[in-house]
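User: Could you go through the labels attached to this model and set each value against the definition behind it?

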Amino acid sequence: ELSRIILGAGITMLPESVINELFAWKHELRHIEWKRSEKLTISDKNKQKRNINDRYVATIAKAVMAMANHRGGGYIVIGVEDTLGPDQSPGVPAEDLEQWQYDQVADILRNWMQPPPQFEIHSVFWNNKTFVVLAIQEFEDQPLICLRDFGDLHKGDCYVRPRGGKIASERVKTYEDMRDLLDRAVERQFHKYLRVLGNVGLIQGSMQKTMGVDHYEAERGTW
């Protein structure tokens, strides 16, 4: 079994073509980001309860926002060291796999960004190691905005995978990246509005197709 979705119930597969792409490269791509595996929660000094590991979670939240704000969304591969790549990285230890339950991750992430991200979590067995893959959907009609100040995260900022230069998740810094983000938001809001009008019968199916609604629905349907 190459991959399975971690949702507690139900199992779906990442397409083999996607898995091959995720692990074929020796470097990150704009739609693929690597993260080392760490604990999402850590015990307090008295070991009476577990607290969110904000330092690590902040790096995951930043990547999630950037991928959600990226055209077409993207993937975050947990268990890959930046300096080692997939071949030499250790993957995710067996004892840490349980923490990547969808409900827990969704609860954690919604405290870091708005609107909440749409995503799936898969475990992938590759090269005799297990990795966790977060498949992030592009925002529906509003770009994701950071809700917290922490480290290099700033409340109110949008994060993207910028064009040109080093591939990384960064706050929007250029006019081109901001314009692309806003243009896509307007386009998606427009198609959402057309879909509502079509559902109540105010515009016909042929007109929806002409205005691009079918393409928008096909894109949303891949998730």
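Analyst: A good place to start is Asn128, which is placed in the loop between strand 7 and strand 8 (129–136); strands (E, at least two residues) and helices (H or I, at least four) are DSSP runs, numbered from the N terminus. Residues are numbered from 1 along each chain as its sequence is written, and the model is a predicted one, in which local features need pLDDT of at least 70, side-chain atom pairs count only at pLDDT 80 or more, and totals for chains, interfaces and linings use all residues. Side-chain values use heavy atoms, with hydrogens and water left out.

User: Why is Asn128 called exposed, and why is Asn127 called partly exposed?

Analyst: With a 1.4 Å probe and protein chains only, under 20% relative accessible area counts as buried, over 50% as exposed, and anything in between as partly exposed. Asn128 has 68% and is therefore exposed, whereas Asn127, with 42%, is partly exposed. Asn127 is also found in the loop between strand 7 and strand 8. Across the chain, the C-alpha atoms of Asn128 and Gly91 are separated by 9.3 Å, although these positions lie 37 residues apart along the chain.

User: What is the phi of Asn127, and what is that of Asn128?

Analyst: Asn127 has a positive phi of about 55° without being a glycine, and Asn128, likewise not a glycine, has a positive phi of about 65°. Most residues other than glycine have a negative phi, and most peptide bonds are trans. On the second point, a cis peptide bond joins Gln114 and Pro115, with omega at about -5°; Pro115 is found in the loop between strand 6 (113–114) and strand 7.

User: How do you know that the span of helix 2 agrees with its number of residues?

Analyst: The expected span of a helix is 1.5 Å times one less than its number of residues, so the 15 residues of helix 2 (residues 54–68) should span 21 Å, and the end C-alpha atoms, 20 Å apart, agree with that.

User: What makes helix 2 largely enclosed by the rest of the structure?

Analyst: Twelve of its 15 residues are buried, so the conclusion follows from that count; among them are Tyr56, Val57, Ile60, Met65 and Met67. Ala68 also lies in helix 2 and counts as buried because its relative accessibility is 1%. The C-alpha atom of Ala68 is separated by 7.9 Å from that of Gln118, a residue 50 positions away along the chain.

User: What makes the pair of Phe23 and Trp126 stacked?

Analyst: Rings of Phe, Tyr and Trp (its six-membered ring) pair if their centres lie within 6.5 Å, and planes under 30 degrees apart count as stacked, over 60 as edge-to-face and the rest as tilted. By this rule there are five aromatic pairs. Phe23 and Trp126 form one that is stacked, at 4.7 Å centre to centre and 15° between the planes. Phe23 lies in helix 1 (residues 16–24) and Trp126 in strand 7 (residues 119–126), so the pair ties together parts that are 103 residues apart in sequence. Both Phe23 and Trp126 are buried, and ring pairs link these two with Phe131 into a cluster.

User: How do you know that Arg148 lies over the face of Trp112?

Analyst: A charge sits over a ring if NZ of Lys or CZ of Arg is within 6 Å of the ring centre and within 35 degrees of the ring normal. Arg148 lies over the face of Trp112 at 4.0 Å from the ring centre, and Arg188 lies over the face of Phe139 at 5.8 Å.

User: What separates a cavity from a pocket, and which residues line the largest cavity?

Analyst: On a 1 Å grid over the protein atoms alone, a cavity is a set of points where a 1.4 Å probe fits but cannot get out, while a pocket is an open set with protein on both sides within 12 Å along at least five of seven lines; lining residues have an atom within 4 Å of a point. The search finds one cavity of 30 Å³ or more, and the largest cavity holds about 40 Å³ of space. Its lining consists of Leu40, Val57, Ile60, Trp100, Val105, Ile108 and Leu109, with helix 5 giving the largest share, three residues. The largest pocket holds about 400 Å³, and of its 19 lining residues, Glu28, Glu33, Trp34, Lys35 and Asp82 are the closest to its centre.

Key: Points joined across faces, edges and corners; volume = space filled by probe spheres on them.
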